[in-house]
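Let's take a walk through this model together, starting with its empty spaces and ending with its odd backbone spots. Keep the structure open as you read.

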Amino acid sequence: MTTIAGLASNRGRNLLHIDDRRPGGAELGVVLSNHEGAPVLDAAAERGIPTEVVERGEGESRAEHERRVIDALSGYDVDLVCLDGYMRVLTQTFLDSVPTTLNVHPSLLPSFPGTDAHEQVLSACVSVTGCTVHVVTDEVDDGPIVTQESVPVYADDDADSLKSRVLYDAEFTAYPRAVRWFSEGRLDIGERDGELSVTVDGDGGGDFPERRVASDDRFAELRYGENPHQAAAVYDDASVGEASVVGAPQLNEGAKGLSYNNYNDADAALNLIKEFDDPAAAVIKHTNPAGCATADTLAEAYADALATDPMSAFGGIVALNRVCDAATAEEIVDSFKEVVVAPGYTDAALDVLREKDDLRVLDVGELGERTDRLTEKPLVGGRLVQERDLWAPTRDDVEVVTESEPTEAQLDAMLFAWKVLKHVKSNGIVFADGTETVGVGMGQVSRVDAVRLAAMKADEHAEGKTAEGAVMASDAFFPFPDAVEEAAKSGVSAIIQPGGSVNDDKSIEACNEHGIAMALTGSRTFRHS
């Protein structure tokens, strides 16, 4: 464990934040100030952290004062010294007498050193500033840099607003990071070519770098967020070349702008139809597919997708992977939809779609390749980052494990269902017939309930469809054979699932008893957000 001696002249908010976060297991062992009334002293005492006050006496030399500071710290077993607004210039004699000493400066050094960094930043009219954590030397703000963190400078900033943003958005990120690196033994501080320098072991890049810096531009402020009491905006990542609903032209200018939920659903719908090479259509509701299909024509694909669950599709989002023609547009406007997303529209299609005042029509341009490899989900206090789930099984990837072999048509339906299933919230189940969905069971905490929901949708909500003879896709393995039993009641004829349960043999046995063909993919496709 790393024990820190914190030196501060005022509030010491960085020191207290480090104590809250305990990066790498580090903790404050003592707080020392050169001012009797420094607020950091009371804050430390309330936490049970020992405190020391070493004020510089009138006429006392800097060297004498530093010796008393060294004496005060000598009673504590510390591994690292962290300065936080400690308004004293330290000598090399002091630095040689204490462990490694770090400081945080409120600018991106070597730019804007000194005590008035924020004023310098504003006077220079730069658009980016931040903070620098560096090793302390006897030269002011000149030690080797450990890490930096940037923040934007806005046109309406003053010194106070900038100071606050640098503290909370930059210093509160960079300083704990530097302490963590020290605590983990990853800081190599030494001389190179006669100069003191720092290297960090493992501070690498790649898809999941040690540090992430993201910068997006606000595309639009939205009317509200998921709910009317929540403010919201949409931001554009200009580095992404893949077809996206963000920034897509809205072709019916009189319609209102997209809402937070519209963007979320439209993105989900677009990502689903990117799975298919044949003409495809999907109807999305609350980011889940109400229906999806491919067919020889776009209009047929849309009609088949809608027929899966026309009741749930009311007010939904439509996505197409071909230029929307008039025949498809006529089908779309036959019932209420919020948004249509497509890689283009014929003039005749636009004439039809523009007849609906409340329908938003988005042109995302040519779909092309799926190039954005990562996806992320914000958390309170951080974010999750992962690779996008771009994998789908081919015929060569599946392993038939039952006595019954799936037919060629069933195999095609299985592979289609899996591609849809990737976009269904877990626990997810898809019933499919050919290349169209029959029923979708999504977002259930029980896989059996997801099967029941898909069967209910197929038998009660679908138009001209039935679960009888359909194939079923499951996004994860069956821990027990009960989901297979439930599928058999619905008339399912074939199942595709990842496999990997300790009870796979029981599910296979249940399939054999009911004459159901089952194929395993060896890979699950959970989707939780």
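A cavity here is a set of grid points where a 1.4 Å probe fits but cannot get out, and a residue lines it by having an atom within 4 Å of a point. Bear in mind that this is a predicted model. Counting cavities of 30 Å³ or more gives 2.

Start with the largest cavity, which holds about 60 Å³ of space. Its lining is made of Leu7, Arg62, His65, Glu66, Val69, Tyr86, Arg88, Val89, Leu90 and Phe94. Helix H3, residues 62-73, gives the most to that lining, with 4 residues. Sorted by character, the lining of the largest cavity has 6 nonpolar, 1 polar and 3 charged residues.

The second largest cavity sits elsewhere in the sequence: Pro289, Ala290, Thr308, Asp309, Val440, Met442 and Lys457 line this one. About 30 Å³ of space lies inside the second largest cavity, and its lining splits into 4 nonpolar, 1 polar and 2 charged residues.

Now for a space that is open. The second largest pocket has about 990 Å³. It is lined by 34 residues, and those closest to its centre are Gly85, Tyr86, Met87, Val104 and Pro106. Tyr86 is also one of the residues lining the largest cavity. Helix H1 (13-21), strand E4 (80-84), strand E5 (101-105), helix H5 (117-124) and helix H6 (159-183) each bring at least two residues to the pocket lining, with the largest share, 4 residues, coming from H6. The mix in the lining of this second largest pocket is 12 nonpolar, 12 polar and 10 charged.

Stay with H6 for a moment, and look at Glu171, which has its place in that helix. Is Glu171 buried or exposed? Its relative accessibility is 9%, so Glu171 counts as buried, the cut-off for that being under 20%. Beyond residues up to four places away in sequence, Glu171 touches Asn14, Val104, Pro106, Cys131, Val166 and Pro176. Two of those, Val104 and Pro106, are among the residues closest to the centre of the second largest pocket. Glu171 and His17 are 154 residues apart in sequence, yet their C-alpha atoms are 9.7 Å apart in space.

Helix H2, residues 39-46, is a neat one to look at down its axis. Its buried residues are Val40, Leu41 and Ala44. They all end up on the same side of H2, because they span an arc of only 105 degrees around the axis. That fits a simple rule: an α-helix has 3.6 residues a turn, so residues three or four places apart point the same way. On the other side of H2, Asp42 and Glu46 are exposed. What do the buried residues of H2 pack against? The answer is strands E1 (3-8), E2 (27-33) and E3 (51-53). Just after H2, Gly48 takes a positive phi of about 80 degrees.

Next, the cores. The largest nonpolar core has 49 residues, and Val245, Val341 and Val364 have the most contacts inside it. Helix H12 (residues 408-421) gives the most to this core, with 9 residues. Setting aside neighbours within four places in sequence, Val341 contacts Val245, Ala266, Leu270, Ile317, Val318, Ala319, Leu320, Leu362 and Val364. Apart from this core lies another, of 37 residues, including Ala8, Leu28, Ile49 and Val166. Val166 is also one of the residues that Glu171 touches.

Another buried residue worth a look is Ala305, in helix H8 (residues 298-308). It counts as buried because its relative accessibility is 1%. Leaving out neighbours within four places in sequence, Ala305 is in contact with Ala281, Ala290, Gly291, Cys292 and Ala293. Ala290 is also part of the lining of the second largest cavity.

Finally, the backbone oddities. The loop between E5 and H5 holds Pro110, and the peptide bond from Leu109 to Pro110 is cis, with omega near 15 degrees. The loop between E5 and H5 is also the place of Phe112, which is not a glycine but has a positive phi of about 60 degrees. With a relative accessible area of 19%, Phe112 is buried. His286, in the loop between strand E12 (280-285) and strand E13 (288-294), has a positive phi of about 55 degrees, again without being a glycine. His286 counts as exposed, at 59% relative accessibility. A second cis peptide bond joins Ser426 and Asn427, with omega about -15 degrees; Asn427 is in the loop between H12 and strand E20 (429-433).

Conventions: Residues numbered from 1 in each chain as written. Predicted model: local features only at pLDDT ≥ 70, side-chain atom pairs only at ≥ 80, totals over all residues. Heavy atoms only, no water. 1 Å grid on protein atoms, 1.4 Å probe; cavity = no way out; pocket = protein on both sides within 12 Å on 5 of 7 lines; lining within 4 Å. Points joined across faces, edges and corners; volume = space filled by probe spheres on them. Nonpolar A, V, L, I, M, F, W, Y, C, P; charged D, E, K, R; others polar. Buried < 20%, exposed > 50% of the residue type's maximum accessible area, 1.4 Å probe, protein only. Arc of directions from axis to C-beta. Contact = heavy atoms within 4.5 Å. Core = buried A, V, L, I, M, F, W, Y, C linked by side-chain atoms within 4.5 Å.
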